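Work through the exercises below with the sequence and the 3D view open. Try each task before reading its solution.

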2 protein chains.
Amino acid sequence: MEIIEKITVMQETSEKWRRDGVLIVLVPTMGFLHEGHVELLRVGRQKGDRLIMSLFVNPAQFGPQEDYQTYPSDTEGDLEKARSVGVDAVFMPTAQEMYPDRSQTTVNVEEITQYLCGESRPGHFAGVTTVVAKLFNITKPHLAIFGEKDYQQLVVIKQMVRDLDMDIDVVGVPTVREQDGLAMSSRNNYLSAEERVSALSLKKGLDLASALVATGEKNAGKIKNSVRELILNHPFTEIDYITICDPEKLTDIERVDGPCLLALAVRVGKARLIDNIILREH
Amino acid sequence: MEIIEKITVMQETSEKWRRDGVLIVLVPTMGFLHEGHVELLRVGRQKGDRLIMSLFVNPAQFGPQEDYQTYPSDTEGDLEKARSVGVDAVFMPTAQEMYPDRSQTTVNVEEITQYLCGESRPGHFAGVTTVVAKLFNITKPHLAIFGEKDYQQLVVIKQMVRDLDMDIDVVGVPTVREQDGLAMSSRNNYLSAEERVSALSLKKGLDLASALVATGEKNAGKIKNSVRELILNHPFTEIDYITICDPEKLTDIERVDGPCLLALAVRVGKARLIDNIILREH
């Protein structure tokens, strides 16, 4: 497994692979890999001839009050996991390599970044799309893989790829969960044992919504209220948002008629956790 | 010469060329080709194995009061010129092909687009960088060629390429002029015979500035005043800006010590003309 820190070296490596006619897959990560990341890597390994994992905690997607400085890291463990899945190259640049002085260009998806996490994390998605555009230009993949846990991120990146005519397939992979249902996240690391119990309320809320829809409830407001009530019945929880929306445009909807996205963000202690489900009529 | 209207066809064509290991050059144009464009194509022909010319009048870079609707066009003549220089492929999409419904992503270079033309044409450079990013993703060039006549555009695109790690060499080509000094421009087409005479004041202004610097004048304000006076002594002229600035950062400078960019934009009748020169101490 190659470990590459320089942009030009990564570009030359990918360029050579492309000339060889092999299919390159990128799995972008911020490290501190859990089973969810490993699943992305496994899917990537299966879909491509060459598998690149990027490992970069992107300062541009954190707000000033957010956890950039304390974001968990375990580079040795990450490289071990990457090796075990059969990653061909890990691209792990420094922040200085990625953002040298006088960097002043941003890629911005304008509408769908206004909703959900975009509302409580201004600038977050511009940071994401800019770094992902950079990573695409550096690693030159034919296919890139993202987790559905960050559903809005996946939709935003698909939109960017379509709008800018990037010749890349973007593939989403279903959320991997702990046995008790908690969505895997590097930020679960922030939870105390008690908070860990409350964090289960996110998945319970999604399941409740799903059950309500199964029994014929179509009123989005009522469903959201039930979910809110369930979550707030758990200690340490503070709701950032609960939204039922169009799964592509991310605009609020009032009646669950076609497939809808239920997405939520909840603070549990100092962890801000997100989860989502596609609600479908039965 | 291939004439390609579909994005996917252009991408497949370029992808095949890249796999063959040949060097691809892109010359982006808005058509109505003059000798300046032809010079860009000649340089491109010399530097690459495959030469792509794009021909697309980009609505996103025109302001609402600008000349998008009346921008001159001569597709037959353009294709004839392209053929005569040995262009391999002309990419000429429709506006609908380039901007289908719900396009919502922009690429924006933030600082250096605030000055010069960016000040009088808000949104112009975001339109330019977005379409150029798209054209790069569609035509996949190793090298792209732009005229130095649009000096700020050239600097902005170089900045975008650097900031987003696009693996593309951006090459500037010196301005081509009519025998009497007028910089070639599709917009010269808007000039009446009398206005055509006044339009010469732009180049005369640049030459005057150059002569002043040669005689030891370092005061940027004085130089700009002399240029302004010269231009306003010609009828039909209205000055948009006259700037002396750092050639990369485009920030105003007060003393001509190192090489500086003198850039100007002047309305002559209904044509808005631009020109520039690098001032150097002798």
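Two strands count as paired if DSSP finds at least two bridges between them. The model used here is a predicted one.

**Exercise 1. Find the order and the pairing of the open sheet of three strands in chain B.**

Step 1. The order of the three strands is S8-S9-S10 in chain B, and their pairing is antiparallel.

Step 2. S8 and S10 of chain B are the edge strands; each has a single partner strand, so one side of each has no neighbour in the sheet. From one strand to the next, the twist averages 15 degrees.

Step 3. Check one pair in detail. Strand S9 (residues 260-268) of chain B is joined to S10(B) by nine bridges, and the two run antiparallel. B:Ala263 has B:Asn276 as its bridge partner in S10(B), and B:Arg267 has B:Arg272.

Step 4. Look at the turn. Two residues lie between the strands in the hairpin of S9(B) and S10(B), where B:Gly269 takes a positive phi near 60 degrees.

**Exercise 2. Decide whether strand S10 of chain B is mostly covered or mostly open, and state what lies across the sheet.**

Step 1. Use the cut-off: a residue is buried if 20 or more other C-beta atoms lie within 10 Å of its own.

Step 2. Strand S10 (residues 271-279) of chain B has nine residues, and seven of them are buried, which makes the strand mostly covered.

Step 3. Helix H8 (residues 193-214) of chain B lies across S8, S9 and S10 of chain B and runs at about 20 degrees to S10(B).

Step 4. Go on to the core. The largest nonpolar core has 154 residues, and A:Leu262 and B:Leu262 have the most contacts inside it. Leaving out residues up to four places away in sequence, B:Leu262 touches B:Leu206, B:Ala209, B:Ile244, B:Asn276, B:Ile277 and B:Leu279.

**Exercise 3. Describe the open sheet of six strands in chain B and the helices that lie across its strands.**

Step 1. The strand order is S1-S4-S3-S2-S6-S7 in chain B, with parallel pairing. Strand S1 (2-4) and strand S7 (169-173) of chain B are at the edges with a single partner strand each, so one side of each is left without a neighbour in the sheet. The average twist from one strand to the next is 25 degrees.

Step 2. Take one pair. Three bridges link strand S3 (residues 50-55) of chain B with strand S4 (residues 89-91) of chain B in the parallel sense. B:Ser54 has B:Phe91 in S4(B) as its bridge partner.

Step 3. Add the helices. Helix H1 (residues 7-19) of chain B lies across S1, strand S2 (24-29), S3 and S4 of chain B, at about 135 degrees to S1(B). Helix H7 (residues 151-163) of chain B lies across strand S6 (143-147) and S7 of chain B, at about 170 degrees to S7(B).

**Exercise 4. Classify A:Val57 and B:Pro235 by exposure.**

Step 1. The count is of other C-beta atoms within 10 Å: 12 or fewer means exposed, 20 or more means buried, and in between means partly exposed.

Step 2. A:Val57 has 19 such atoms, so A:Val57 is partly exposed. A:Val57 sits in the loop between strand S3 (50-55) and helix H3 (75-85) of chain A. Not counting residues up to four places away in sequence, A:Val57 touches A:Met30, A:Gly31 and A:Tyr71.

Step 3. B:Pro235 has 12 C-beta neighbours inside 10 Å and therefore counts as exposed. The loop that holds B:Pro235 lies between helix H9 (220-232) and strand S8 (237-245) of chain B.

**Exercise 5. Work out how chains A and B meet and how the copies are related.**

Step 1. Each chain gives residues to the contact: 25 from chain A and 25 from chain B. On the side of chain A that touches chain B, S5(A) provides the largest share, five residues. By class, that side of chain A has eight nonpolar, nine polar and eight charged residues.

Step 2. S5(A) and strand S5 (residues 105-109) of chain B run antiparallel and are joined by five bridges. A:Val107 has B:Val107 in S5(B) as its bridge partner.

Step 3. A turn of 180 degrees with a shift of 0.0 Å along the axis lays chain A on chain B with an RMSD of 0.0 Å. The two copies are thus related as by a two-fold rotation axis.

Step 4. Of the interface residues of chain A, 100% are also interface residues in chain B, so the copies meet through the same surface.

Key
Residues numbered from 1 in each chain as written. Chains lettered and ligands numbered in written order. Predicted model: local features only at pLDDT ≥ 70, side-chain atom pairs only at ≥ 80, totals over all residues. Helix = DSSP H or I, 4+ residues; strand = E, 2+ residues; numbered from the N terminus. Axes fitted to C-alpha atoms, helices over the stretch in contact; angles between N-to-C directions. Contact = placed C-beta atoms within 7 Å. Nonpolar A, V, L, I, M, F, W, Y, C, P; charged D, E, K, R; others polar. Core = buried A, V, L, I, M, F, W, Y, C linked by C-beta atoms within 7 Å. Least-squares fit on C-alpha atoms with pLDDT ≥ 70 in both.
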